[in-house]
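The following questions and answers work through a single protein model step by step. Please keep the sequence and the structure in view while reading.

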Amino acid sequence: MALTALELGLRGAVVALFLVVCAVLLLRYAAVHRAASLGAAMGAAGAAYAITTAPFFPATSFGSSPFVAFAMASPVIFWLWARAMFDEQFVLRPWHAAVWTLLAGLGVVSHNCWTIWPDVARTCGRMLALATIAFAVLGVTQIPKGWRTALTTARGRLLIALVIGVGLQMVLAAAAGLAAIPTRSISLSAALGLATFALMSIWMMLFDPPVSQPATAGTAGGQAGRASGASEPNGPSTQDRASLNRLNHLMTTERAYRQEGLTIGLLAARLGMPEYRLRTVINGGLGHRNFNAFLNRYRLDEAKAALADTNQAEVPVLTIALDAGFQSLAPFNRAFKADTGLTPSEFRRQAAAAPTADTAEIARSE
């Protein structure tokens with residue numbers, strides 16, 4: 001009884017976590033990321049699966065059919081989501097909805113019709129298990145389309161682990177059904193797996209890898225040269241150069257770095273390229289340590305130009321920091337000091353004194 005209570009509590013937490021996944025994807029990414037809606041559908045399917053496989057769930061009640069349909073058709077959603085994440089050419093088609101409907105129908109019949117048509121329910125259950133294995137394998141086989149690039153980043157590696165983990169759990173659950181293994185014997189382990197996948201999903205959406213050291217000092221000209229797409233020994237490949245030009249346009253012309261809450265996922269969506277590829281371009285092609293360093297480069301360059309502008313001498317440092325995209329003064333001061341060795345106020349005083357010093361030098365030379 002204690003284990004049952006523990007499992008029910010765990011499944012409740014899993015449902016809450018998956019709902020968080022859905023909310024973040026729909027509210028933050030749906031308008032700009034093509035895989036966001038499928039990711040939210042995956043979260044909803046995960047929550048439905050946690051509910052329908054819980055102890056005491058009335059699986060034979062037709063009132064539970066929507067939950068059962070969404071849970072049992074999750075392998076199709078998983079396959080489509082994996083394609084959207086790894087295949088740049090993927091586009092949703094009407095027949096994808098038809099496949100999802102077919103699997104959902106098999107799930108409803110196999111779960112709700114045991115008392116009416118047991119033979120039909122048994123046959124549909126076997127078909128559903130085989131289809132689950134097939135779509136799980138199809139989802140995992142999307143990884144080779146982008147694994148070389150994905151392995152170069154922490155988030156890419158986590159994405160690969162998530163796809164493999166979800167696919168493996170689907171295969172094991174379907175195999176257990178084909179082997180007539182009692183659901184109760186694997187119920188708790190399935191709940192633990194769902195909790196792990198939910199936490200991995202939230203980590204991927206909400207957090208970028210932390211900055212391990214302050215931004216390295218360097219001239220703005222050197223950074224601008226890299227940002228303009230200059231070729232380096234380990235620079236971007238030919239297929240990335242068009243994306244690199246669009247990235248440069250977004251950052252220098254549209255000033256995307258000013259956007260509040262800008263993440264590498266949002267920027268990748270605006271460029272129409274996978275996040276792991278953009279991260280590789282930023283790290284390998286442009287020479288930045290990580291996305292935060294890349295973003296701060298543009299923000300700091302704008303702030304330095306504003307601080308050196310005598311026409312903005314009366315503009316508060318906080319206003320300049322916020323206009324450049326920083327969320328508050330403290331992180332701006334830290335990043336600025338690490339980049340220039342000066343505080344913003346010291347930098348402004350030196351920039352204001354520089355023209356006077358140049359004039360005096362010219363007078364002496366005459």
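Q: Which residue just after α15 takes a positive phi, and of about what value?
A: The model is predicted, and the angle is computed from its atoms. The residue that takes a positive phi just after α15 is G325. Its phi is about 115°.

Q: Which residues of helix α15 are buried, and on which side or sides of the helix do they lie?
A: Helix α15 covers residues 317–324, and its buried residues are V317, I320, A321 and A324. They cover an arc of only 100° around the axis, which puts them on the same side of α15. As a general rule, an α-helix has 3.6 residues a turn, so residues three or four places apart point the same way. The four buried residues of α15 thus lie on the same side.

Q: Where is S328 found, and what separates its C-alpha atom from that of L318?
A: S328 is found in the loop between α15 and α16 (329–340). With a relative accessible area of 33%, S328 is partly exposed. S328 and L318 are ten residues apart along the chain, and their C-alpha atoms are separated by 7.5 Å.

Q: Which residue other than glycine has a phi near 55°?
A: Most residues other than glycine have a negative phi. A positive value, near 55°, is nevertheless found in a residue of the loop between α11 (241–252) and α12 (264–271). That residue is partly exposed, with a relative accessible area of 38%. The residue is R255.

Q: How many aromatic pairs does the structure hold, and what kind of pair do W79 and F135 form?
A: The structure holds ten aromatic pairs. In the pair of W79 and F135, the ring centres are 5.5 Å apart and the planes are at 45°. Planes under 30 degrees apart would count as stacked and those over 60 as edge-to-face, so an angle between these limits makes the pair tilted.

Q: Which helices hold W79 and F135, and how many residues apart in sequence are the parts that this pair ties together?
A: W79 lies in helix α4 (residues 74–86), whereas F135 lies in helix α6 (residues 118–140). Both residues are buried. Because the two rings belong to these two helices, the pair ties together parts of the chain that are 56 residues apart in sequence.

Q: How are α4 and α6 oriented relative to each other?
A: The two helices pack with their axes 8 Å apart, at an angle of about 15°. Angles under 35 degrees count as roughly parallel. α4 passes α6 in a left-handed crossing. The angle therefore makes α4, relative to α6, roughly parallel.

Q: Are α3 and α5 parallel or oblique to each other?
A: Helix α3 (residues 65–72) and helix α5 (residues 94–112) pack with their axes 8 Å apart, at an angle of about 125°. Their crossing is right-handed. Given this angle, α3 and α5 are therefore oblique.

Q: What kind of aromatic pair do F294 and Y298 form?
A: F294 and Y298 both lie in helix α14 (residues 291–308), four residues apart, which is about one turn of the helix. Both are buried. Their rings are 5.4 Å apart, centre to centre, with 75° between the planes, and the pair is edge-to-face.

Q: Which residues form one aromatic cluster with F294 and Y298?
A: The pair of F294 and Y298 belongs to one aromatic cluster that also includes two further residues. These are Y257 and F291.

Q: Over the face of which residue does R299 lie?
A: R299 lies at 5.9 Å from the centre of a ring, over its face. The ring is that of F326.

Q: Is R279 buried or exposed, and what is its C-alpha distance to A268?
A: R279 has its place in helix α13 (residues 275–285). Its relative accessible area is 5%, so R279 is buried. R279 and A268 are eleven residues apart in sequence, and their C-alpha to C-alpha distance in space is 8.7 Å.

Q: What are the C-alpha distances from L250 and from R246 to R270?
A: L250 lies in helix α11, and R246 is found in helix α11 as well. At 7% relative accessibility L250 counts as buried, whereas R246, at 38%, counts as partly exposed. L250 is 20 residues from R270 in sequence and 8.9 Å from it in space. R246 is 24 residues from R270 along the chain, and their C-alpha atoms are separated by 9.5 Å.

Definitions and conventions: Residues numbered from 1 in each chain as written. Predicted model: local features only at pLDDT ≥ 70, side-chain atom pairs only at ≥ 80, totals over all residues. Heavy atoms only, no water. Buried < 20%, exposed > 50% of the residue type's maximum accessible area, 1.4 Å probe, protein only. Arc of directions from axis to C-beta. Phe/Tyr/Trp six-rings, centres within 6.5 Å; stacked < 30°, edge-to-face > 60°. Lys NZ or Arg CZ within 6 Å of the ring centre and 35° of its normal. Axes fitted to C-alpha atoms, helices over the stretch in contact; angles between N-to-C directions. Parallel < 35°, antiparallel > 145°, perpendicular 65-115°, else oblique. Left-handed = near helix turned anticlockwise from the far one by under 90°.
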